[in-house]
Amino acid sequence: MIFAAGLGTRLKPLTDTKPKALVEVGGKPLLEHIIEKLKAEGFERIIINIHHFGQQIIDYLKNNNYFGIDIRISDESQQLLETGGGIKKAQYLFDSNTPVLIHNVDILSNANLKSFYEKTDSEAALLVSNRDTSRYLLFDDEMRLAGWTNIKTGEIRSPYKDFDITKHKAFAFSGIHAFSPKLFNEMGSYPDRFGIIDFYLDQCAKHVIKGIIDNNLQLIDVGKLNTLELAEKWISQKQ
């Protein structure tokens, strides 16, 4: 599943007339980069959620013959559901027995998605790395998710009482994760709109949610205008 429903406010004014997914980097839209990467690594069905200028995404896919792959749309035109709500709404499009690889549309990386997906042996797996950021996921010695922190504000979140941040490892989330349909049972009590990281933090004491470290991960979050130039350079080096 590709998350492509966001408003892209950090990419204004580019997103005043188009969705973030169709902002171009290296001569083609972000969405095309992700579709091509998934297709090249053997994925055969892609779900794309849409909201902001969603019809433009549908038209783009049609005009490109859906890139020769089974692409299905989860329409959030009426309400933007955030990441957790987006997964919940798209439940009927997934194979109930197969984990779902989830990828933010604005993340460009060298991640081996097939390898990451095949390593998933838990109810959810999050691709993480030692990257500088302000918000970190916190894991125990077995790399089970146990909490979250914002180092700028000092905020700490965990389902565990007397949580000791000093006894946990901090890693940056990549925006790439794998989700087991088994977790849909836990989403029933959630509202239509909620964040998937909030969900994982709620559930990590009851379910096995693990971090998978990629020490060689190179990643660019193309969510801001000032990262577009970096992304252009990164792509040109790969070509």
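## A guided tour, starting at His33

Select His33 to begin: leaving aside neighbours within four places in sequence, His33 is in contact with Val25, Lys28, Leu108 and Ile235. Keep in mind as you go that this is a predicted model. His33 sits in helix α1, and its relative accessibility of 13% puts it under the 20% cut-off, so it counts as buried. Now show the backbone of Lys28 as well: its oxygen is reached by the side chain of His33 at 3.4 Å.

**Stop two: Ala111**

Next, move to the loop between β7 (107-109) and α4, where you will find Ala111. Is this residue buried or exposed? Ala111 is buried, with a relative accessible area of 1%. To see what surrounds it, display Lys37, Glu41, Leu127, Ile176, Asp214 and Leu217, which Ala111 touches when residues up to four places away in sequence are not counted. Then add Leu219: this residue is 108 residues from Ala111 along the chain, yet their C-alpha atoms are separated by 8.1 Å.

**Stop three: aromatic rings**

Try colouring the aromatic side chains now. How many aromatic pairs does a search of the whole structure find? The search finds ten. Zoom in on Phe43 and Tyr117, an edge-to-face pair with 5.4 Å centre to centre and 80 degrees between the planes. The two partners come from distant parts of the chain: Phe43 is in the loop between α1 (30-40) and β4, Tyr117 is in helix α4, and their positions lie 74 residues apart in the numbering. Phe43 is buried, at a relative accessible area of 16%.

For another geometry, select Phe179 and Phe199, whose pair is tilted, with 6.5 Å centre to centre and 45 degrees between the planes. Phe179 belongs to strand β12 and Phe199 to helix α6, so this pair ties together parts 20 residues apart in sequence. Phe179 counts as buried at 0% relative accessibility, and Phe199 is buried with a relative accessible area of 0%. Widen the selection to Phe94, Phe184, Tyr190, Phe194 and Tyr200, and you have the other members of one aromatic cluster that includes Phe179 and Phe199.

**Stop four: the second largest pocket**

Go back to Phe43 and Tyr117, and add Arg45, Thr98 and Pro99: these five lie nearest the centre of the second largest pocket, which is lined by 19 residues. The space in this pocket is about 410 Å³. Which elements each supply at least two residues of its lining? They are β4 (45-50), β6 (100-104) and α4 (113-119). Colour the lining by residue class and you will get eleven nonpolar, two polar and six charged residues.

**Last stop: the largest pocket**

Finally, select Arg10, Asn104, Asp106, Arg135 and Asp221, the residues nearest the centre of the largest pocket, out of a lining of 44. About 1600 Å³ of space lies here. Elements giving two or more residues to the lining are α3 (82-89), β9 (135-139), β12 (169-179), α6 (196-203), β14 (219-221) and α7 (225-238). Highlight β12 in particular: its five residues are the largest share of the lining. By class, the lining of the largest pocket divides into 17 nonpolar, 15 polar and twelve charged residues.

How values were computed
Residues are numbered from 1 along each chain as its sequence is written. This is a predicted model: local features need pLDDT of at least 70, side-chain atom pairs count only at pLDDT 80 or more; totals for chains, interfaces and linings use all residues. Side-chain values use heavy atoms; hydrogens and water are left out. On a 1 Å grid over the protein atoms alone, a cavity is a set of points where a 1.4 Å probe fits but cannot get out, and a pocket is an open set with protein on both sides within 12 Å along at least five of seven lines; lining residues have an atom within 4 Å of a point. Grid points are joined across faces, edges and corners, and a volume is the space filled by probe spheres set on the points. Helices (H or I, at least four residues) and strands (E, at least two) are DSSP runs, numbered from the N terminus. Ala, Val, Leu, Ile, Met, Phe, Trp, Tyr, Cys and Pro count as nonpolar, Asp, Glu, Lys and Arg as charged, and the others, Gly among them, as polar. Buried means under 20% relative accessible area, exposed over 50%, partly exposed in between (1.4 Å probe, protein chains only). Contact means heavy atoms within 4.5 Å. Rings of Phe, Tyr and Trp (its six-membered ring) pair if their centres lie within 6.5 Å; planes under 30 degrees apart count as stacked, over 60 as edge-to-face and the rest as tilted. A polar contact is a pair of N or O atoms within 3.5 Å; within protein, one must be able to donate a hydrogen and the other to accept it, and residues adjacent in sequence count only if both atoms are side-chain atoms.
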